[in-house]
There are 4 protein chains.
Amino acid sequence: MSIRVGVIGVGVMGADHARTLARSVSGAQVTVVTDYDAARADAVALEVSARTVATATELITAPDVDAVVIASHDSAHAEQVALCLDHRRPVLCEKPLAPTLAECVDLVSREEALALANPLVSVGFMRRFHAPYQAMVQEIRSGSVGAPLLVRASHRNVTSYPGGDSASTVTNSAIHEIDITRWLLGSEIVEVSWHAPKPTSLDTSRHDPQILMLRTADGVLTVVDVFVNARYGYDVRCEVVGETGAVSLAPSHVLTVDSSLRSAATYPEDWRPLFADAYRRQLQAWVDALTAEVPSPLASARDGLRATQVAAALIDSMNNDGATIKVDYH
Amino acid sequence: MSIRVGVIGVGVMGADHARTLARSVSGAQVTVVTDYDAARADAVALEVSARTVATATELITAPDVDAVVIASHDSAHAEQVALCLDHRRPVLCEKPLAPTLAECVDLVSREEALALANPLVSVGFMRRFHAPYQAMVQEIRSGSVGAPLLVRASHRNVTSYPGGDSASTVTNSAIHEIDITRWLLGSEIVEVSWHAPKPTSLDTSRHDPQILMLRTADGVLTVVDVFVNARYGYDVRCEVVGETGAVSLAPSHVLTVDSSLRSAATYPEDWRPLFADAYRRQLQAWVDALTAEVPSPLASARDGLRATQVAAALIDSMNNDGATIKVDYH
Amino acid sequence: MSIRVGVIGVGVMGADHARTLARSVSGAQVTVVTDYDAARADAVALEVSARTVATATELITAPDVDAVVIASHDSAHAEQVALCLDHRRPVLCEKPLAPTLAECVDLVSREEALALANPLVSVGFMRRFHAPYQAMVQEIRSGSVGAPLLVRASHRNVTSYPGGDSASTVTNSAIHEIDITRWLLGSEIVEVSWHAPKPTSLDTSRHDPQILMLRTADGVLTVVDVFVNARYGYDVRCEVVGETGAVSLAPSHVLTVDSSLRSAATYPEDWRPLFADAYRRQLQAWVDALTAEVPSPLASARDGLRATQVAAALIDSMNNDGATIKVDYH
Amino acid sequence: MSIRVGVIGVGVMGADHARTLARSVSGAQVTVVTDYDAARADAVALEVSARTVATATELITAPDVDAVVIASHDSAHAEQVALCLDHRRPVLCEKPLAPTLAECVDLVSREEALALANPLVSVGFMRRFHAPYQAMVQEIRSGSVGAPLLVRASHRNVTSYPGGDSASTVTNSAIHEIDITRWLLGSEIVEVSWHAPKPTSLDTSRHDPQILMLRTADGVLTVVDVFVNARYGYDVRCEVVGETGAVSLAPSHVLTVDSSLRSAATYPEDWRPLFADAYRRQLQAWVDALTAEVPSPLASARDGLRATQVAAALIDSMNNDGATIKVDYH
């Protein structure tokens, strides 16, 4: 039997999830959709042969919903995840788990209080399902580059979203780098600092780019540049330097075009072409675990909390002249 | 409702298809499996929650089979496809459609005699669903490189399969190059010739590598080297040179590993890592068309025939000192 | 003491040679320059602190000329080289040694009749001094890719020179591919054929691109595409495929520029940026041999003849529907 | 007339300079060589047809020496450069100009006190003559990537030299990064900090790798990782990220070798293959300026001082828990 999924929030991300579940995931169907914009909900529901309901609560408690995907506004995540926990609904919540640390702590407490064999909450750190990162972690584990010492990463968007600031660059964009660093190295981030390149004049709402330094418990130092107005393209890079070698993500383009005295590859304008397959594989893995009644292999609520804790420490450093800040995990 | 698929032949290729259908394709399930090796059939059936039957005929006529995948030995294709046509079962037949021209012609005649809105036969030229080739055809159609003039391609395997000869290199390996050339250029191959590099001493069963020249009706010349004992890795390359530019498949590796004075990317040992996603997308497209009751977007029986006709002309050239041979499409 | 060089012909190529000799080669000076265009000769002479003379004969017989560089019009090569031989002047003649086979044969006879320990004539096949080709030949000799079986090469110019035709594409452009193939493989070209891709509509003076097949005595087949109106950039590629691996020239660009959704490298507009260092190293090697009174390590008169013989066979094939032609070395 | 050069110190670096001057530079000859190891001096003198003298003083004051190259032990630089100034000998001193700040300050004072139109001292920051860096600075100046904001660089050696420590990594290796950063950006480094990745266990004499942050007066932040025991190869990388794009050094290998399921390029074991041409071009530029009696285009004594001042600030940060340190230019 198929897992019947309800999707809360069908903006760009949620609509993508709904379509992927309906069209490209084995063993799932989308049965219910909701969105504060009813017309948008109707349109997506029609596309995926689902019905709509008016509220998240209605969706979470619907009899034809086995599991929930939350892709609503960040500010609604905490309440909706809590409701899923109350109703024992498995839920895949888009990152961030919740915008505030207090909310994240509360959700983890509630989840852990239930003491379920198969925890209910998964968080959408889809990079863990990006084949190149998976190959990279395998390569590191194989020992071919020796013990990791240093990670260099870049996270570059074409243009920033309206309404953000320097802190939201960390909580919305860099948060993926935080999670993938913990995951690649298999070690907690214990200390961070924030550093300022010259800011672009093309976005006055924030300091951009930023340099983030993340120290993991194993001693490795990760240096990430995050530039959400890089203009040239959506670009994600990562190199892990070990004692005897280094492993890097290869460029992700599929074609080279030679013309006008240039040999060129194309960058995508946003994350979707690059990570579409990671999203699909994440959803398939989530559905597979639900079907098999085994624990979800996705990022957990605690992973979501950890990322938020590290982001908070980075913002603390940002507000304190780049001071080195210990991450507070209590 | 799911499409219930029966899979005939669960060797490497067929077992992969069965697993992909069961685990990674939306709207499909594998209900019946058969193989001349009953133990192998049992093992795969268990994996995908299907039952087994003893014969292809039983499978094709089973009440719980809506559509058939044929991945049996090449020599069985013609009879099994014919049976599918007789029983009006949509069928995805692995390439080649049939080993002999006469069989292919017969199957196309039978299919066309049925005059169905949605033809029953699809052929597994999965490269048409490989995202880089799809991007390449879009790039060509965009005009960014001008009118195509010349195609250079390479098809390289690590080691040849036992039991083959120079002709089977064409009918089993180069046949993918034949199909993708027609598809990329949107033009029939009308004339071919076969040329001999120095043969490797590591395979005395055939002349290897080979150079194939394919002239399409649009005047474009495609030059392919096929080397089924290339040893260094499984490698597929393609460059289309146009009047104002050129477009090439980018290398497909996802990582770069630096160690021991080398910066290296890994080649796969066979086609599966490279084309796994193309196989999945091909199966999804096939299932989607069946579900929507629209014509299959896969290669047709006539496409299968065309490829076999071109292969026959190449073998004719091989046997006639590399003479230029017109392709006989009658 | 410096080698005093006279330069005959100071168009683009000859002026480059004069400047390189004067500024970047150790142990050489340019003492005399001549050109049919006296103003051009004066300008270059001024640049390199040389004097001018009115005629090639005057230059070759000048008391302050130890050695001669010929970069005059192709049609003047034979007579000027012969004069150098008569006067025992070491000479570096730009390719081709001479435009006709008869002239080349005559020059080789004259040279060989002198039976000098250090032959006088060198021919400017500068690719032999291009570091990547030198690394490639070392790699082949090391055995790392096994015995060579197949070579794939591309020779692409931005636009053709005015006044050429299909034959001159072979004698002026492809001739470099002919020489480098012989040199890389260490084996004579014994058989050739010429093949026609769809011609570009952007140059009606010739058939462009062309495919050339060169069979060397060792059995290796070299397939070269030559496209002198490729438009996209000046591009030279070469891959040698052996029994256990393959070695390719890496792309030669020094920068990658990311902008406007493109990651791009720049192609040069002509051969000069790519081969400037090869020209310098060729001149230095020539001067060094003259200084040390040892045989020139450059291509010899016989190498120049060989290339012209192969070019003639290719033109023969071109005029005979792509027939396979044995190279006549008598 | 040739510039007659005396070379002080003919270890690896000095012998390379002597050979390059003698064999590959126009307008120069090596007339005198000295080394504390007389046998080594004799051997190199023989190679380049020079004579030897017993002491640096003898060389600097020799009547047949127009200009001096200093490639002696770092600790001898200051005294030898001072002697060149006293005797008005143009001198190219290998980096560092001198190991201590006080010595550098003294040499700059002496040089500037002479108030010569053509200052005598040049410092061997040869990367300024590396064609890829020159192309990069042109690309930046062209505006194609917008105003620079951030530089990311890597400096990786195979193994460290014996006898060094964490400070010498900065003064001997990272000093090239310091100079090239100033030169690329055309802006002084005003503030630095030092950061520690996990140290490799393979070199207990120093903390390795290191992260260096260099803030230039223009606000740009440069982040360099220096890893002198990287093992995998000699590797130098640089990316300048601007407001609208980014420009990077392309990989410098000339071949790709496919074998054993790997597509690999080779790293050099040390700097020589990578920078040989930069050294040659630097020497040629130096000789050309001497010949033309114009100011040297090489790094000046003041450039040498600047680099040492920045290095001192970095070591200060290293010794103060990574504190941000203003560079003291007084």
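Here are legends for a few close-up views of a predicted model. Local features need pLDDT of at least 70 and side-chain atom pairs count only at pLDDT 80 or more, while totals for chains, interfaces and linings use all residues. Residues are numbered from 1 along each chain, chains are lettered from A, and side-chain values use heavy atoms, with hydrogens and water left out.

**View 1. Two domains in chain A.** Chain A is split into domain 1 (3-123) and domain 2 (131-273 + 309-326), with bounds from an automatic or database domain assignment. Their C-alpha centres sit 28 Å apart.

**View 2. Where the domains of chain A touch.** Here 6 residues of domain 1 are in contact with 7 residues of domain 2 (contact means heavy atoms within 4.5 Å). The two domains bury about 590 Å² between them, 65% of it on carbon and sulfur atoms; that's the accessible area (1.4 Å probe) lost on being put together, summed over both. On the domain 1 side, Val12(A), Lys95(A) and Leu101(A) lose the most area, together 61% of what that side buries. You'll find 0 salt bridges between the domains (a side-chain nitrogen of Lys or Arg within 4 Å of a carboxyl oxygen of Asp or Glu).

**View 3. Chains A and B around an axis.** Turn chain A by 180°, with 0.0 Å of shift along the axis, and it superposes on chain B (RMSD 0.0 Å), so the two copies are related as by a two-fold rotation axis. The fit is by least squares on C-alpha atoms of residues with pLDDT of at least 70 in both. In chain A, Ser26(A) comes closest to the axis, at 2.1 Å (C-alpha).
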